[in-house]
Amino acid sequence: MSIGYRSTAILFGGLLTACPSQPVPGDTETDGTATDTSSGSETTSNETTPTTGEPTTTGSTTGDTTTEGDSSTTEGVSATTTEDTTSTSTGEETTSTSTGEDTTSTSTGEDTTSTSTGEDTSTSTGPDTSSTAETGGDSPECGDGVVEAPEECDDGNNEPDDGCLADCKIGMGVPVGSVELPDPDGAEDLCCIVPLPGWFLDQSGAIVARTAQDAGPEGQEAAHLFQIALPSGNDPAFWDIVEWAGEHGRIPLQTGSPPGESRMFVTGLVDTEAQMPGSGGHLWLANAHGDGSTEFLHDFEELPVAPTDLAANGDIAVAGNHAAGEPGAWVLRFDGSGALMWQHDAPVGVGWSIRYRGVAMDAEGVIYAVGERHADDSSSDQLFIEALSPAGVVLWEVTQASPTHMHAVPSDVIVTADGALAVVMSQFDADVLEDSILGYARFTADAGAQTWWKDWAPPDGWSVRAGPADVEPFGGLFVGVGEHEGGISRTRVFRIDKDGAVLWATKRPGGDVRDLLFFGPPERVYAVTKDAILLYDSW
């Protein structure tokens with residue numbers, strides 16, 4: 001089977017990155033004003049193992065659809081950690097003071113006070129505070145929604161975490177709009193985004209993956225890949241590829257690329273459920289280069305795996321669970337041509353099973369898989385981390401309960417810039433929709449020893465659905481989450497340092513984050529939701 005390819009065509013628009021938080025069969029997700037209905041606690045065990053066969057190949061072309069943004073509210077921010085930190089944090093009744101030249105102190109939250117002395121200093125305060133900028137002569141009115149010198153911004157509100165501080169100065173993590181997608185009226189079901197460093201005259205670009213609805217001759221879902229310029233996007237797409245799977249749908253779920261290379265690997269599910277109820281589907285794997293050329297598309301009909309994450313360093317690591325919700329979870333390693341090298345079955349025991357959620361690979365080819373050790377009676381979910389050698393041998397494994405909650409359901413794992421492991425998770429007790437908070441933890445890569453474990457709580461009434469993470473240059477991480485309250489959803493992105501301190505947390509209308517990318521030049525954070533790619537500056 002070959003992938004159909006068309007040069008300089010515009011079809012549908014849509015995008016995402018190596019998508020740790022992409023929904024898979026059995027999961028549900030909300031965007032915009034829809035309510036998040038995921039419970040995060042389905043049951044699997046490892047009694048059924050997929051068998052491997054020769055990859056088969058299929059092919060064709062077409063495409064379609066996307067929309068944008070959503071409603072949000074303007075509540076304060078609450079943060080908790082278990083250790084002292086030296087960077088900016090959010091919380092209630094907090095005071096931050098800085099003295100000296102060319103310094104900046106920021107703090108957000110309710111009933112927050114910030115004081116600074118010296119030159120060129122900016123301060124940020126939470127709700128119910130005000131500030132005026134003075135220029136001598138005519139003074140602009142900060143908060144009137146009109147940017148007048150010396151104001152750096154003026155968004156007409158006094159909200160924390162929106163990038164424009166209360167004194168009309170630009171804060172860290174400022175939102176800078178969204179990427180312009182081809183065919184913006186039909187660009188939803190975005191999945192993932194993969195960077196293309198210096199792909200043309202040193203300009204950055206990206207390959208985006210999305211699910212195109214009603215794309216095949218029988219209304220099948222199709223995988224749609226297309227290339228855009230960054231940071232702002234480009235219309236039309238430089239090239240696009242649309243591929244379905246005969247009578248079945250072909251859904252892209254995860255992507256990844258070797259560091260510094262202008263190519264992508266994409267995996268997903270051939271959805272056979274409509275024709276064979278209860279079958280779920282099977283895994284597929286393909287690649288694409290920055291110029292739109294492709295080398296392979298393989299269907300693995302004997303691998304009933306719905307992938308939850310993909311990582312690459314030349315070889316490819318895929319983690320996933322049984323596509324039909326039956327017992328079974330696997331880590332799979334493929335070579336650069338898409339041939340299966342080995343598969344590893346998740347451990348299973350009496351009364352518990354493992355479900356995989358994320359995977360990472362270091363420069364030496366060691367694979368780190370993360371998931372939850374799920375109690376069959378749904379009484380608890382504990383964090384599970386496993387290290388596998390390049391040959392698939394288990395090097396170590398760690399099971400760790402949340403220090404604060406009954407359930408810890410991870411969404412992603414990364415290898416940090418300084419060689420540690422960082423894991424992101426949702427933590428909750430009874431109902432994830434009502435009481436979930438963000439958890440994030442750091443472990444050593446050589447043995448899985450815990451360095452720290454932190455919590456971050458949203459405003460009262462809101463819940464958190466943890467999403468993907470990406471590498472921060474100084475040993476920390478960027479994290480994308482969706483926040484939900486009743487029928488309202490919004491998108492939040494964090495920058496966290498290597499000690500676990502939240503440097504900034506910014507919110508805006510949107511929904512769950514499906515993929516996250518820190519990339520430059522210029523250096524920006526890209527958060528992929530179902531229907532938009534949101535940009536953040538001043539990281």
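**Exercise 1. In which sense do E31 and E32 pair, and over how many bridges?**

Solution.
Step 1. Find strand E31 at residues 524-528 in this predicted model. Its pairing with E32 is antiparallel and runs over 4 bridges.
Step 2. Pick one position. Val 528 stands opposite Ile 533 in E32.
Step 3. Trace the connection. A hairpin of 4 residues joins E31 to E32.
Step 4. Look for another partner of E32. Strand E4, residues 175-178, pairs with E32 over 2 bridges, in the antiparallel sense. Here Pro 175 has Tyr 536 of E32 as its bridge partner.

**Exercise 2. Sort the side chains of E32 by the way they point, and state whether they are buried or exposed.**

Solution.
Step 1. Recall the general pattern. In a regular strand, side chains alternate between the two faces of the sheet.
Step 2. Apply the pattern to strand E32, residues 533-536. Ile 533 and Leu 535 point one way. Leu 534 and Tyr 536 point the other way.
Step 3. Check accessibility. All of these residues are buried.

**Exercise 3. Give the strand order of the open sheet that contains E13, and find its edges.**

Solution.
Step 1. Write the order. The 4 strands run E13-E14-E15-E16, and their pairing is antiparallel.
Step 2. Find the edges. E13 and strand E16 (340-345) each have a single partner strand, so one side of each has no neighbour in the sheet.
Step 3. Add the twist. From one strand to the next, the twist averages 20°.
Step 4. Zoom in on one pair. Strand E15, residues 329-334, meets E16 over 5 antiparallel bridges. One position to inspect is Arg 333, whose bridge partner in E16 is Trp 342.

**Exercise 4. Describe the largest pocket: its volume, its lining and the residues closest to its centre.**

Solution.
Step 1. Start with the volume. It is about 840 Å³.
Step 2. Go to the centre. The lining has 38 residues, and the closest to the centre are Ser 257, Pro 259, Ala 312, Asp 470 and Val 471.
Step 3. Ask which strands contribute. E5 (190-200), E13 (305-312), E18 (352-361), E22 (407-415), E26 (463-471) and E30 (515-519) each supply at least two lining residues. The largest share, 5 residues, comes from E30.
Step 4. Classify the lining. It divides into 25 nonpolar, 7 polar and 6 charged residues.

**Exercise 5. How many salt bridges does the structure hold? Work through three pairs and decide where each partner is buried or partly exposed.**

Solution.
Step 1. Recall the principle. Side chains of opposite charge can pair when their charged atoms come close. The structure holds 12 salt bridges.
Step 2. Take Arg 442 and Asp 418. Their closest N and O atoms are 2.7 Å apart. The pair links distant parts of the chain, 24 residues apart: Arg 442 sits in strand E24 (residues 437-443), Asp 418 in the loop between E22 and strand E23 (421-428). Buried means under 20% relative accessible area. Arg 442 has 11%, so Arg 442 is buried. Asp 418 has 41%, so Asp 418 is partly exposed.
Step 3. Take Glu 472 and Arg 495. Their closest N and O atoms are 2.6 Å apart. Glu 472 lies in the loop between E26 and strand E27 (477-485), and Arg 495 lies in strand E28 (residues 488-496), 23 residues apart. Glu 472 has a relative accessible area of 2% and is therefore buried. Arg 495, at 8%, also counts as buried.
Step 4. Return to E31 and E32. Asp 537 forms a salt bridge with Arg 524, with 3.6 Å between the closest N and O atoms. Arg 524 belongs to strand E31, and Asp 537 to the segment after E32, 13 residues apart. Asp 537 is partly exposed at 22%. Arg 524 is buried at 18%.
Step 5. Look for shared partners. Arg 355, Arg 357, Glu 372 and Asp 381 are joined into one network by salt bridges that share partners.

**Exercise 6. Locate Pro 231 and compare its separation from Pro 522 in sequence and in space.**

Solution.
Step 1. Place the residue. Pro 231 lies in the loop between strand E7 (222-229) and strand E8 (239-243).
Step 2. Check accessibility. At 19% relative accessible area, Pro 231 is buried.
Step 3. Set the two separations side by side. Pro 231 and Pro 522 are 291 residues apart in sequence. In space they are 7.2 Å apart, C-alpha to C-alpha.

Methods
Residues numbered from 1 in each chain as written. Predicted model: local features only at pLDDT ≥ 70, side-chain atom pairs only at ≥ 80, totals over all residues. Heavy atoms only, no water. 1 Å grid on protein atoms, 1.4 Å probe; cavity = no way out; pocket = protein on both sides within 12 Å on 5 of 7 lines; lining within 4 Å. Points joined across faces, edges and corners; volume = space filled by probe spheres on them. Nonpolar A, V, L, I, M, F, W, Y, C, P; charged D, E, K, R; others polar. Pairing = 2+ DSSP bridges. Axes fitted to C-alpha atoms, helices over the stretch in contact; angles between N-to-C directions. Buried < 20%, exposed > 50% of the residue type's maximum accessible area, 1.4 Å probe, protein only. Salt bridge = Lys/Arg side-chain N within 4 Å of Asp/Glu carboxyl O.
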